[in-house]
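Me: I would like a careful reading of a single part of this model, set in the context of whatever surrounds it. Please keep to what the coordinates support, and say how each term is meant.

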Amino acid sequence: MSTPKKPKGASPDDLSLEESMARLEKLVDSMEAGDVPLDRLVAQYEEGMRLVQACEAKLGEAELRVEQLSGEDDPA
C-alpha cells in the first residue's frame, strides 16, 4: 500500500522532513541549471527558504523529543 502523494503546492509544514528535503533538492537543481527567469528564480528561492525553516523546525522538534525520551530513562 503506497502513501498518498501530497499536492505539489502543499505547505512545507504539511510535508514530512524527507519530502521537504526532496523538494528542496529539486529547487536547488532547477536554480543551478541557470535557465530559470528571474521572477521564477526569486519565487523558488522564497519557497526554498520556507522549506529550510520547516526542516529546521522539524529537526528541532525531533531533537527535543529525543532529549525528553533519553531524560525519562535517567534515574537522577
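What follows is a close look at helix α2 (38-72) and its surroundings.

Reply: This is a predicted model, in which local features need pLDDT of at least 70 and side-chain atom pairs count only at pLDDT 80 or more, while totals for chains, interfaces and linings use all residues. Residues are numbered from 1 along each chain as its sequence is written, and side-chain values use heavy atoms, with hydrogens and water left out.

The protein has two helices and zero strands, where helices (H or I, at least four residues) and strands (E, at least two) are DSSP runs numbered from the N terminus. Of its 76 residues, 20% count as buried, a word that here means under 20% relative accessible area, as against exposed at over 50% and partly exposed in between (1.4 Å probe, protein chains only). The accessible surface comes to about 6,200 Å², of which 55% belongs to carbon and sulfur atoms; such areas are calculated by the Shrake-Rupley method with a 1.4 Å probe, and for residues only the protein chains shown count as cover.

Helix α2 has 35 residues, which at 1.5 Å a residue should span 51 Å, and its end C-alpha atoms are indeed 51 Å apart; the expected span is 1.5 Å times one less than the number of residues. Its buried residues are Q44, E47, G48, L51, A54, C55 and K58, and what covers them includes α1.

The partner, α1 (residues 17-33), has 17 residues and reaches 24 Å from its first C-alpha to its last, close to the 24 Å expected. In α1, S20, R23, L24 and L27 are buried. They cover an arc of only 100° around the axis, which puts them on the same side of α1; the arc is that of the directions from the helix axis to the C-beta atoms. An α-helix has 3.6 residues a turn, so residues three or four places apart point the same way. On the other side of α1, E18, E25, K26, E32 and A33 are exposed, whereas the cover over the buried residues of α1 includes α2.

Between these helices, E47 forms a salt bridge with R23, the closest N and O atoms being 2.9 Å apart. This pair links distant parts of the chain, with E47 in helix α2 and R23 in helix α1, 24 residues apart, and both E47 and R23 are buried. If a salt bridge is taken as a side-chain nitrogen of Lys or Arg within 4 Å of a carboxyl oxygen of Asp or Glu, the count comes to one.

K58, also in helix α2, is buried yet has no salt bridge, since the nearest side chain of opposite charge, D13, is 4.7 Å away; for charge, Lys and Arg count as positive and Asp and Glu as negative, with His and the chain ends not counted. Not counting residues up to four places away in sequence, K58 touches P12, D13, L15, S16 and L17, contact meaning heavy atoms within 4.5 Å.

A54, another residue of helix α2, is buried with a relative accessible area of 5%. Leaving aside neighbours within four places in sequence, A54 is in contact with P12 and D13, and its C-alpha is 9.9 Å from that of M21, 33 residues apart in sequence. Q53, in helix α2 as well, counts as exposed at 51% relative accessibility, with 9.3 Å separating its C-alpha atom from that of D13, 40 residues apart along the chain.

For the protein as a whole, among contacts between residues at least 6 apart in sequence, 60% join residues at least 24 apart.
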